[in-house]
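Here are a few short exercises to work through with the model open beside you. Try each task on your own before reading its solution.

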Amino acid sequence: MKILVASTPATGHINPLLAITRVLLAEGHEITFLTGSAFRDRIEKAGAKFVSLQGRADFDGRDFLAVAPELKDIPPGLEWFRVAIERIFVDAVPAQHQSLLQAVQECQADVIVGDDLFFGVLPMLLGSRSKRPPIVLCGISILHLAREDGAPNFLGLPPGTSEEQRRQYADIARTYDEAVDQPSLLSLNKALDTLGIDPVTVPLFHSVVELADAYMQLSVPRFEFPRQIPPSVHFVGTPPIIPGQAPLPPWARDLDGSRKVVLVTQGTVANHNFGLLIAPTLGALANEPDVSVVATTGGRPVDAIPGAVPSNARLASFLPFEWLLPRVDVLVTNGGYGSVNQAMSFGIPLVTAGMTEDKADVNARVAWSGVGLNLATNEPTQDALRAAVRTVLDRPAYRMRASQMADEFARIDTRSEILSIISEVVAHHKAGLQAGTTATSQPTRAARQR
């Protein structure tokens, strides 16, 4: 097949789609990859044809303050979140859509595979299915659907367990709707109007989940809060790690099994201030005689980490995770969805501390599922980090829960699921066209995997 992969130009979006691209290329499919020009080398190195987004859509998500400089002057909260949604995602919709239309025409795509925050697909999803290729979206973050307990997403609220809690959540949801959902929806509908598309009424993040022909959630059901899940949503596990992305570090032999290994990372987005998590973790564990601490800076220089480097710490800008993760006993993270799911797939328990982007909700799931401790802050103290890491290391319950989660990942053949879902969506779409219908029903296999 000719497959167009479309990604928001940010590392956390591109990484899982590149892993999926690798699976598709191995099957002989022809891949065109549409994303920001800053990522051309990575795409071409992977073996896909690169096509650049145009205009406002062509930004480098590794520096989101360049896209939305006003965020640096807005304290964390609902206003920060609204501005981030509008500047980074909504403002890019018209240019993303035009780039997508051009790429579809040029590569004659049989199917579009995109990340769920590439909202340039919305005009296609809102139009006639017969006039576009089928669209498969990948959930690279928490599942963006309305919750049974009425709580809004992104605030890190655990499932409500009482009527009183549900009433509190209803009040919070009204405030969130007024401050975030409705203003961003207004901005989205203005953008859609410039494209001649009728307005949408459901929140931005919910819309693509419900409209996609198939939706591949890159996790397992046990890591998702209970809710009604549409039959088009499939949990496919976590994509395989792309090997060889970084060489072995010069200190590789130091991880010889004589000490517990604690890996700490701030990911590739919220990593402009290593004083938030990496530095305090190094300080917190400096005097733990049975622990080695490995820190990765997500591509930034290691000398950006403030303070002295303890003797039990090992640092690297990038690390080969296929080599490292089997050696890790605890992951300390601010809560990147991909990193958390990869850790769980290896049975690694977690300590999390992050409240920006989707991290509050990711970390709430870590605590709720029992695979780790959530410190529920952007700036944990050394004492809190030391206590949390020791608790997760020393209490078998966390390792046991993480192991159970790993078993659930292992029961999903991610590669086969991805290939089957894409193939069946394409076949269903073609069958609908041949029958002269718009193929409004989902493929029959979508009813399973709950």
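**Exercise 1.** Find the bridge partner of aspartate 115 in β5 of this predicted model, then describe how β4 pairs with its strands.

*Solution.* Start at aspartate 115: its bridge partner in β5 is cysteine 138. Next, take the whole pair: β4 and β5 are joined by four bridges and run parallel. Now turn to β1 (residues 2-6), which is also parallel to β4 and linked to it by four bridges. One of the residues to look for here is leucine 4, whose bridge partner in β4 is isoleucine 112.

**Exercise 2.** Sort the residues of β4 by the way they point, and decide whether they are buried or exposed.

*Solution.* Begin with the general pattern: side chains in a regular strand alternate between the two faces of the sheet. In β4, Val111, Val113 and Asp115 point one way, while Ile112 and Gly114 point the other way. Then check burial, where the cut-off is under 20% relative accessible area: five of the five residues of β4 are buried.

**Exercise 3.** Test the length of helix α15 (residues 414-434), and work out which elements its buried residues pack against.

*Solution.* First, the length: with 1.5 Å a residue, the 21 residues of α15 should span 30 Å, and because the end C-alpha atoms are 30 Å apart, the two agree. Second, list buried residues, including Ile418, Leu419, Ile421, Ile422, Val425, Val426 and His429. Third, follow their packing: the buried residues of α15 pack against α1 (11-26), β4 (111-115), β5 (135-139), β6 (214-217) and β7 (233-235). Finally, look just past the helix, where glycine 436 has a positive phi of about 75 degrees.

Definitions and conventions. Residues are numbered from 1 along each chain as its sequence is written. This is a predicted model: local features need pLDDT of at least 70, side-chain atom pairs count only at pLDDT 80 or more; totals for chains, interfaces and linings use all residues. Side-chain values use heavy atoms; hydrogens and water are left out. Helices (H or I, at least four residues) and strands (E, at least two) are DSSP runs, numbered from the N terminus. The expected span of a helix is 1.5 Å times one less than its number of residues. Buried means under 20% relative accessible area, exposed over 50%, partly exposed in between (1.4 Å probe, protein chains only). Contact means heavy atoms within 4.5 Å. Two strands pair if DSSP finds at least two bridges between them.
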